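Here's a quick tour of a protein model, written for someone just starting out. Have a look at the picture, then read on for the pockets, the helices and a few single residues.

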Amino acid sequence: MHKRKSKRKSHALALNVLTWMVVVLTLLPILWMVLSSLRNYSDIAAGDQLSSGLPLRWENYRDMWVNVDFFTYFKNSLIVCSVTTVLATMSATCAAYALARFRFRGSNGVSVGITVTQVIPGMLFFLPLYMLYRSMGDNWGIPMLDTYHGLIFLYVALFTPASIWIMRGFFISIPRELEDAAVMDGCSRFGAFVRIVLPISAPGIIATATFIFLLAWDELFFAWVLTSSSEVQTIPVGIRLFVSQFQHRYDLMMAAATMSTLPVLIAFFACQRFFIKGLSAGAVKG
């Protein structure tokens with residue numbers, strides 16, 4: 001018995017050590033980025049980020065905002081990602097509830113279709129998508145290239161399928177008897193969904209919204225090829241342009257990367273409890 005306890009303790013200690021090693025290795029690049037954003041570019045080139053005697057250059061952040069008009073890219077990302085998060089979360093919630101609660105003609109086909117979309121690389125449909133967007137602007141008078149709604153429409157289509165599976169698993173974990181009781185008390189099916197299911201599934205909804213926001217905030221490829229003006233381009237595109245314009249200003253590049261990371265970190269740490277709970281429900285119950 002004593003040997004079993006000691007063996008369990010040794011296993012737990014080994015897992016804790018391994019976990020902390022992974023945490024340190026994950027946070028080390030972020031720490032390096034933040035330290036580099038507060039140094040002179042010559043110090044970075046010499047590898048002196050960790051020298052305590054060097055002064056911290058907070059003016060790097062001021063220069064970054066002034067030289068690159070970073071506020072425009074930041075605003076564009078907030079608009080595109082916020083609208084995408086709201087629309088995709090609403091769509092995924094409704095679709096996931098239908099797949100979790102109802103059996104209708106074609107429901108299996110819809111489920112298979114959602115799964116198939118997740119194994120198709122985005123590069124495969126980029127050219128047809130670009131031609132469709134261009135045709136809509138030239139022939140139908142609906143501009144889609146270099147517009148907010150063009151990016152939002154694409155992001156909603158890209159991120160909704162995976163979000164449906166997250167929400168579907170969460171809806172399945174909610175007892176159907178709660179809705180049946182509400183219907184027996186005179187509530188409609190939609191009313192039961194709004195008054196009973198949605199409040200209970202709030203962690204899953206928050207997890208889904210956080211998941212969508214993180215994906216949209218970091219997306220670069222489609223934002224790069226479907227936009228051409230700074231009035232629409234998002235932060236990843238702005239940093240990409242920043243790198244090509246200021247190749248040797250590593251300090252300003254690290255400051256821009258740090259600023260672009262802050263909203264993602266704030267969103268994740270603010271919703272991490274709901275995010276982990278929602279993803280766990282979607283993975284186990286689905």
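By class, the lining of the largest pocket holds 16 nonpolar, three polar and one charged residues. In this count, Ala, Val, Leu, Ile, Met, Phe, Trp, Tyr, Cys and Pro are nonpolar, Asp, Glu, Lys and Arg are charged, and the others, Gly among them, are polar. Keep in mind that this is a predicted model: local features need pLDDT of at least 70, side-chain atom pairs count only at pLDDT 80 or more, and totals for chains, interfaces and linings use all residues. Residues are numbered from 1 along each chain as its sequence is written, and side-chain values use heavy atoms, with hydrogens and water left out.

**The largest pocket**

- The largest pocket has a volume of about 460 Å³.
- Of the 20 residues lining the largest pocket, the closest to its centre are T117, I120, G122, F125 and L158.
- Three elements each give two or more residues to this lining: α6 (126–138), α7 (148–172) and α11 (221–225).
- The top contributor to the lining of the largest pocket is α7, which gives seven residues.
- How is a pocket defined? On a 1 Å grid over the protein atoms alone, a pocket is an open set of points where a 1.4 Å probe fits, with protein on both sides within 12 Å along at least five of seven lines, and lining residues have an atom within 4 Å of a point.
- Grid points are joined across faces, edges and corners, and a volume is the space filled by probe spheres set on the points.

**The second largest pocket**

- The second largest pocket has a volume of about 310 Å³.
- Its lining has 14 residues, and D218, S260, T261, V264 and L265 are the closest to its centre.
- The elements that give two or more residues to the lining of the second largest pocket are α10 (202–218), α12 (235–245) and α13 (250–285).
- The largest share of that lining, seven residues, comes from α13.
- Sorted by class, the lining of the second largest pocket splits into 11 nonpolar, two polar and one charged.

**The chain as a whole**

- The chain has 13 helices and zero strands; helices (H or I, at least four residues) and strands (E, at least two) are DSSP runs, numbered from the N terminus.
- Buried residues make up 39% of the 286 residues in the chain; buried means under 20% relative accessible area, exposed over 50%, and partly exposed in between (1.4 Å probe, protein chains only).
- Among contacts between residues at least 6 apart in sequence, 73% join residues at least 24 apart; a contact means heavy atoms within 4.5 Å.

**Cysteines**

- How many disulfides are there? The count comes to zero, where a disulfide is a pair of cysteine sulfur atoms within 2.5 Å.
- C81 counts as buried because its relative accessible area is 1%.
- C187 is buried too, at 17% relative accessibility.

**Helices α9 and α10**

- The 12 residues of α9 should span 16 Å at 1.5 Å a residue, and the end C-alpha atoms of α9 are indeed 16 Å apart; the expected span is 1.5 Å times one less than the number of residues.
- The buried residues of α9 are G191, A192, F193 and V197.
- What covers the buried residues of α9? The cover includes α4, α7 and α8 (176–184).
- For the 17 residues of α10, the expected span is 24 Å, and the end C-alpha atoms of α10 are 24 Å apart, which agrees.
- The buried residues of α10 include P203, G204, F213 and W217.

**Residues worth a click**

- L198 is found in helix α9 (residues 189–200) and counts as partly exposed because its relative accessibility is 24%.
- Leaving aside neighbours within four places in sequence, L198 is in contact with T93, F193 and I205.
- L198 and Y97 are 101 residues apart in sequence but 9.9 Å apart in space, C-alpha to C-alpha.
- F102 sits in the loop between α4 (70–101) and α5 (107–117) and is partly exposed, with a relative accessible area of 33%.
- Not counting residues up to four places away in sequence, F102 touches Y97 and R189.
- Most residues other than glycine have a negative phi.
- D146 has a positive phi of about 60° although it is not a glycine.
- D146 lies in the loop between α6 and α7, and at 23% relative accessibility D146 counts as partly exposed.
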